[in-house]
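Dear colleague,

Here is the structure I promised to pass on to you, and below it you will find my notes on what came out of looking through it.

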Protein chains: 2
Amino acid sequence: MEISELGEFGLIKHLTKDIKNVNESTIKGVGDDCAIMQYAEGKRVLVTTDMLMEGVHFDLQYTPMKHLGYKSAIVNISDVYAMNGTPRQLVVSIALSKRFTVEDMEDFYDGLRMACELHHVDLVGGDTTSSLTGLAISITCIGEAKPEDVVERSGAKETDLICVSGNLGAAYMGLQLLEREKAVFNEQLREAQKKGQTLEPAQPDFSGREYLLERILKPEARKDVIERLAEAGIRPTSMMDISDGLSSEIMHICEQSGVGCRLYEDRIPLDYQTAAAAEEFNLNVTTCALNGGEDYELLFTVPLTANDVVSKIEDVRVIGYITAATEGKKLICRDGSEFDLKAQGWNPLQ
Amino acid sequence: MEISELGEFGLIKHLTKDIKNVNESTIKGVGDDCAIMQYAEGKRVLVTTDMLMEGVHFDLQYTPMKHLGYKSAIVNISDVYAMNGTPRQLVVSIALSKRFTVEDMEDFYDGLRMACELHHVDLVGGDTTSSLTGLAISITCIGEAKPEDVVERSGAKETDLICVSGNLGAAYMGLQLLEREKAVFNEQLREAQKKGQTLEPAQPDFSGREYLLERILKPEARKDVIERLAEAGIRPTSMMDISDGLSSEIMHICEQSGVGCRLYEDRIPLDYQTAAAAEEFNLNVTTCALNGGEDYELLFTVPLTANDVVSKIEDVRVIGYITAATEGKKLICRDGSEFDLKAQGWNPLQ
């Protein structure tokens with residue numbers, strides 16, 4: 001169905017008609033000039049926003065709309081966890097061109113809702129408008145935390161342990177796979193068009209690589225890690241999520257905390273599929289893990305005294321420690337050689 | 001200066017280095033995964049978001065970047081006033097293509113900051129990224145209000161008076177003027193190019209029309225009206241700001257309140273410049289006022305008993321009253337004839 005059949009308000013009504021709010025802090029959602037919230041006494045309110053542009057942050061040739069909706073919500077929800085907070089509400093703005101249908105928007109909202117339900121987040125408002133070119137998505141997520149629970153980037157101290165959840169570099173390798181298959185398909189399409197033939201859209205064989213695709217197309221926010229840390233009685237001294245790459249993120253923590261660091265290459269967690277794909281693409285897997293980005297894992301520091309406890313937490317690995325700023329920001333390689341870390345991760349403006 | 005010289009984090013640091021937060025509720029602004037706020041006990045938190053796309057919501061051929069920054073903030077701030085709230089924080093996301101310079105972004109931020117300072121709003125975060133095509137702007141504004149002060153769209157009651165601030169249709173006429181001059185300039189440019197000549201960018205003569213241009217390029221949010229209503233002890237029963245057009249907005253209030261309305265054509269406030277320009281363009285000035293949009297005036301209803309008080313408030317006019325839903329949504333023309341109101345205002349998706 002063409003979106004013009006419904007218009008802006010018809011489309012919003014259609015997409016949001018089944019939304020039920022689950023949080024006590026949500027007083028009123030979609031339908032007025034503002035959404036209305038009320039947080040319990042003394043709670044800190046956390047706000048984060050991310051913009052996703054077609055052709056820059058996602059490629060619709062291989063990104064299903066439902067996955068895109070899911071991921072758009074997750075990348076924002078992840079930022080609230082990265083403050084050690086609980087996400088509560090989300091507003092979503094979309095600008096779309098005429099080639100999108102009502103069904104596309106339904107798929108996008110299905111994904112958005114899935115992420116919201118999983119993380120008990122209420123979809124409370126937004127803006128739906130048109131774009132002359134591609135799809136633009138902007139999401140703002142609002143969360144809460146007790147003042148004493150909030151973890152900023154600036155609290156890392158000398159001798160703190162540097163920890164990371166999950167594994168790194170998989171999303172980047174997933175992207176390489178998708179880009180390669182896209183190039184192959186587009187080449188076949190050009191050949192077929194030259195011969196006046198039609199080309200059936202073929203499903204490339206990604207067997208044994210499913211994990212890598214999932215990491216780029218359907219990343220998860222590490223609520224489980226936040227919960228396990230709380231259960232273990234650990235409050236990180238600093239934390240952020242890894243969206244641009246481990247290397248650039250640890251440098252943010254060091255700069256904002258006024259410290260240095262030593263990261264150990266052999267401690268960086270890698271999945272088997274990531275290592276295998278890196279070899280196939282003739283890429284250095286450590287470089288992929290350091291600079292790949294989009295993993296949405298948590299990077300955090302804990303006091304040295306928490307070593308025994310943090311080491312036992314499932315899916316968390318100690319990868320180095322914090323030093324004085326004068327000692328620099330170093331990567332210690334498997335052979336013992338040392339390098340200065342460089343922020344070579346995702347930078348959309350370079 | 002090219003933006004790539006600074007990169008994403010360099011640009012953000014450059015643009016936000018002088019920001020000073022003025023609100024007690026702002027705990028931490030730019031620089032972490034989330035901004036951190038804390039509102040006083042019992043306060044409602046209001047959140048609104050708007051997306052502005054190049055070529056759809058603004059035309060950079062005649063919109064200076066500074067004005068665009070100002071307007072982008074104002075349209076969001078206006079939504080908080082429309083809930084009878086006080087705007088406090090703002091996050092801004094921008095996606096820009098390579099043709100924009102650091103100076104363009106400085107101008108945009110200058111405008112943004114001007115609006116924030118005027119309304120005592122803190123710029124607490126955002127996202128700066130790239131776009132393959134035009135400029136995309138997404139702003140989320142956060143405000144607060146006591147629960148008993150919040151005014152929704154759904155509270156209008158039979159016999160309530162319908163009021164509007166300022167005057168209507170001026171922004172629409174300003175847009176017509178700019179579009180006409182743009183067409184003239186582009187035609188001259190084509191002619192000059194045909195002859196191999198260069199064309200000096202000429203400043204069209206807008207004398208006597210300054211107000212219309214200001215209304216489209218630099219709209220204001222009616223904080224003053226909210227303050228005057230509070231001083232007069234009037235809490236509107238329903239309220240919204242006029243962004244799409246009086247006709248479509250009063251219909252929202254009627255539908256959400258389950259009522260009808262009677263609007264009087266001869267009561268709709270018009271500026272002299274709007275009327276003169278409408279005549280020149282051979283447009284019906286009432287149609288411009290009803291459907292023009294972008295005026296960012298406040299539309300609200302008050303109990304009939306407030307008639308004497310509201311009639312004395314500067315720059316506020318009673319333009320009709322609320323009826324039972326069964327009586328429909330009517331415009332009463334100067335000659336006494338009645339018409340059904342139609343939502344023919346701005347609809348980006350039709």
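I begin with Phe100(B), which touches Ile3(B), Glu54(B), Leu60(B), Met65(B) and Leu135(B) when residues up to four places away in sequence are not counted. Please keep in mind throughout that this is a predicted model. Phe100(B) sits in the loop between strand E4 (86-96) and helix H3 (102-118) of chain B, and with a relative accessible area of 5% it counts as buried, because that value is under 20%. Although Phe100(B) and Glu2(B) are 98 residues apart in sequence, their C-alpha atoms are 7.6 Å apart in space.

In chain A, strand E4 (residues 86-96), helix H3 (residues 102-118) and strand E5 together form a right-handed β-α-β unit. E4(A) and E5(A) run parallel and are joined by 8 bridges, and within this pairing Ile94(A) stands opposite Thr128(A). Strand E5 of chain A, which covers residues 122-130, has 8 of its 9 residues buried, so this strand is largely enclosed by the rest of the structure. Helix H1 (residues 7-16) of chain A belongs to the same part of the account, since its buried residues pack against H3 and E5 of chain A; those buried residues are Gly7(A), Glu8(A), Leu11(A), Ile12(A), Leu15(A) and Thr16(A).

Turning to the sheet in chain B, there is an open sheet of 7 strands with mixed pairing, in the order E8-E10-E7-E11-E9-E12-E13. Its edge strands are E8 (238-241) and E13 (338-340) of chain B, each of which pairs on one side only, and neighbouring strands of the sheet are turned against each other by 25 degrees on average, with direction ignored. Helix H7 (residues 246-257) of chain B packs on this sheet, where it touches E7, E8, E9 (259-264), E10, E11 (316-324) and E12 (329-332) of chain B, and the direction of the helix makes about 150 degrees with that of E9(B). Within the sheet, strand E7 (residues 161-165) and strand E10 (residues 298-302) of chain B run antiparallel and are joined by 4 bridges, with Leu299(B) in E10(B) as the bridge partner of Val164(B).

As for how the two chains meet, the contact takes 69 residues from chain B and 69 residues from chain A. The area buried between chain B and chain A is about 5,700 Å², and carbon and sulfur atoms give 56% of it. The rule finds 6 salt bridges across this interface, one of which joins Lys28(B) to Glu152(A), with the closest N and O atoms 2.7 Å apart.

Finally, two residues may deserve a look at their backbone. Thr159(A), in the loop between strand E6 (136-145) and strand E7 (161-165) of chain A, has a phi near 75 degrees, which is a positive value in a residue other than glycine, and the residue is partly exposed, with a relative accessible area of 44%. Asn282(B), placed in the loop between helix H8 (272-280) and helix H9 (285-291) of chain B, likewise has a positive phi, near 60 degrees, and is not a glycine; with a relative accessible area of 71%, Asn282(B) is exposed.

With best wishes

Key
Residues are numbered from 1 along each chain as its sequence is written. Chains are lettered from A and ligands numbered from 1 in the order in which they are written. This is a predicted model: local features need pLDDT of at least 70, side-chain atom pairs count only at pLDDT 80 or more; totals for chains, interfaces and linings use all residues. Side-chain values use heavy atoms; hydrogens and water are left out. Two strands pair if DSSP finds at least two bridges between them. Helices (H or I, at least four residues) and strands (E, at least two) are DSSP runs, numbered from the N terminus. Axes are lines fitted to C-alpha atoms, for helices over the stretch in contact, and angles run from 0 to 180 degrees between N-to-C directions. Contact means heavy atoms within 4.5 Å. Buried means under 20% relative accessible area, exposed over 50%, partly exposed in between (1.4 Å probe, protein chains only). A crossover is right-handed if, with the strands pointing away from the viewer, the path from the first strand over the helix to the second runs clockwise. Buried area is the accessible area (1.4 Å probe) that two parts lose on being put together, summed over both. A salt bridge is a side-chain nitrogen of Lys or Arg within 4 Å of a carboxyl oxygen of Asp or Glu.
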